Amino acid sequence: MAWLYQEETIEALFLALIAITPAIAAVGGVLHRLAAGRLSRRALTLWAGVALAGPANYGLWRLFNAIEDYWGLDRVKPLLINFAIFVALGVVVGLVLRILLRPE
C-alpha cells in the first residue's frame, strides 16, 4: 500500500520554509517601507507573522508527528489531542492578533 505522501518530502519542504519565510518577510518589509515611507504597526505585525509562519509550521508538524507516532493513526485519542492543541493555538493567536491589530 502506498502512502498519500512521503514524510521525507514534506519534512524537506517545511525545513525550506524555515529559511524562505523570514527572507520573504524581510524583503517584503523593506519594499513596504520604501513604498509607504514607514511601517505601521499593522504592517509590522503582518511581516512578523509571515516571518514566523515557516518555523511555527515546522514546529507544529513535528509536534503532530510526535503525537501520531506515539499513539498511532488508528486511534481517536491523538486526533482529539491534536484538535485541542490547534483550537487552543488558534484562540491564542487570534487574541494576540486582535490586540496587535487594533486601530492605532
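This briefing describes the overall form of the protein and then the surroundings of three of its residues. The model is predicted, and its secondary structure consists of three helices and zero strands, which follow one another along the sequence in the pattern α-α-α. With 104 residues, the protein has a radius of gyration of 18 Å, whereas a compact globule of that many residues would have one near 13 Å.

**Overall dimensions and packing**

- Taken along the principal axes, the box filled by the C-alpha atoms of the protein is roughly 55 × 30 × 15 Å.
- Of the 104 residues in the protein, 17% are buried.
- Among the contacts in the protein with a separation of 6 or more, 63% are accounted for by residues 24 or more positions apart.

**Surface and charge**

- The protein has an accessible surface of about 7800 Å², and carbon and sulfur atoms contribute 72% of that surface.
- The protein carries 9 positive and 7 negative charges, and the mean positions of these two sets lie 21 Å apart.

**Thr21 in helix H1**

- Thr21 belongs to helix H1, and with a relative accessibility of 11% this residue is classed as buried, because the cut-off for that class is under 20%.
- When neighbours within four places in sequence are left aside, the residues in contact with Thr21 are Val50, Ala51, Ala53, Gly54 and Pro55.
- One of these residues, Gly54, also takes part in a polar contact, in which its backbone nitrogen is reached by the side chain of Thr21 at 3.2 Å.
- A polar atom of the Thr21 side chain also lies 2.8 Å from the backbone oxygen of Leu17, so that distance falls within the 3.5 Å limit applied to polar contacts.
- Between Thr21 and Ala43, which are 22 residues apart in sequence, the C-alpha to C-alpha distance is 16 Å.

**Ala12 in helix H1**

- Ala12 is found in helix H1, which covers residues 7-36, and its relative accessibility of 44% places this residue in the partly exposed class, because that class lies between the 20% and 50% cut-offs.
- Ala12 and Tyr58 are separated by 46 residues in sequence, while their C-alpha atoms are 10.0 Å apart in space.

**Arg41 in helix H2**

- Arg41 lies in helix H2, which spans residues 41-71, and with a relative accessible area of 33% Arg41 is partly exposed.
- The C-alpha atom of Arg41 is 7.3 Å from that of Leu101, although the two residues are 60 residues apart along the chain.
- The side chain of Arg41 places a polar atom 3.1 Å from the backbone oxygen of Leu100.

Definitions and conventions. Residues are numbered from 1 along each chain as its sequence is written. This is a predicted model: local features need pLDDT of at least 70, side-chain atom pairs count only at pLDDT 80 or more; totals for chains, interfaces and linings use all residues. Side-chain values use heavy atoms; hydrogens and water are left out. Helices (H or I, at least four residues) and strands (E, at least two) are DSSP runs, numbered from the N terminus. The radius of gyration is taken over C-alpha atoms; the globule rule is 2.2 Å times the number of residues to the power 0.38. Buried means under 20% relative accessible area, exposed over 50%, partly exposed in between (1.4 Å probe, protein chains only). Contact means heavy atoms within 4.5 Å. Accessible areas come from the Shrake-Rupley method with a 1.4 Å probe; for residues, only the protein chains shown count as cover. Lys and Arg count as positive and Asp and Glu as negative; His and the chain ends are not counted. The place of a charge is taken as NZ of Lys, CZ of Arg, CG of Asp or CD of Glu. A polar contact is a pair of N or O atoms within 3.5 Å; within protein, one must be able to donate a hydrogen and the other to accept it, and residues adjacent in sequence count only if both atoms are side-chain atoms.
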